Amino acid sequence: MSDFNLTAPYGANKKKRIVGRGSSSGRGTTAGRGNKGQKARSGGKSYIGFEGGQMPLYRRVAKKGFTNFPFKKEYVILNVDALEQKYTDGEVVDKESLILKRLIKNTRESVKLLGNGELTKKLTVNVDKISASAKEKIEKAGGSIVQAQE
């Protein structure tokens, strides 16, 4: 017996079920859709929360209170230890350099710097928000912060 005869376990490779190909296929006629009705027809779907024409629950229950969802601001969280690993002494930390170092994906993302980890390199930091502990660690290492709100 060779060590290189690899086979998938039983049941790992299943054949695709083909429906609606005649009565002898075992899945012909109604093709698993049942008899008649909206969902038996092509294009016959109903939306999530549909209750058969009855006023759905999410419309019956009154809106109450305030939601901040449309105004919510989300930040990409970065820690000081990520800057320690990716940056060299004297570099500028801004959105463009963060993209080049693959710490964020695009310039539209807002960045918040948190103070988890240690920083020994002198960096100039220009991001959207900086926590108090991160600010302290940057200044302690001899770095500076440019136009970050708190």
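## Two domains

The C-alpha centres of domain 1 and domain 2 lie 51 Å apart in this predicted model. Domain 1 covers residues 18-65 and domain 2 covers residues 76-145, with bounds that come from an automatic or database domain assignment.

## The sheet of β1, β3 and β5

Strands are DSSP runs (E, at least two residues), numbered from the N terminus, and two of them count as paired if DSSP finds at least two bridges between them. Strands of a sheet pair through backbone hydrogen bonds, either parallel or antiparallel.

One open sheet is formed by 3 strands in the order β1-β3-β5, with parallel pairing. Its edge strands are β1 (75-79) and β5 (129-130), each of which pairs on one side only. Between β1 and strand β3, which spans residues 110-114, there are 5 bridges, and the two strands run parallel; within this pair, L78 of β1 stands opposite L113 in β3.

## The sheet of β2, β4 and β6

Another open sheet has 3 strands in the order β2-β4-β6, and the pairing is parallel here too. The edge strands, each pairing on one side only, are β2 (92-93) and β6 (144-145). Strand β4, made up of residues 124-125, is joined to β2 by 2 bridges, and these strands run parallel, with V92 standing opposite T124 in β4.

## How the model was read

Residues are numbered from 1 along each chain as its sequence is written, and side-chain values use heavy atoms, with hydrogens and water left out. Because the model is predicted, local features need pLDDT of at least 70 and side-chain atom pairs count only at pLDDT 80 or more, whereas totals for chains, interfaces and linings use all residues.

Methods:
Helices (H or I, at least four residues) and strands (E, at least two) are DSSP runs, numbered from the N terminus.
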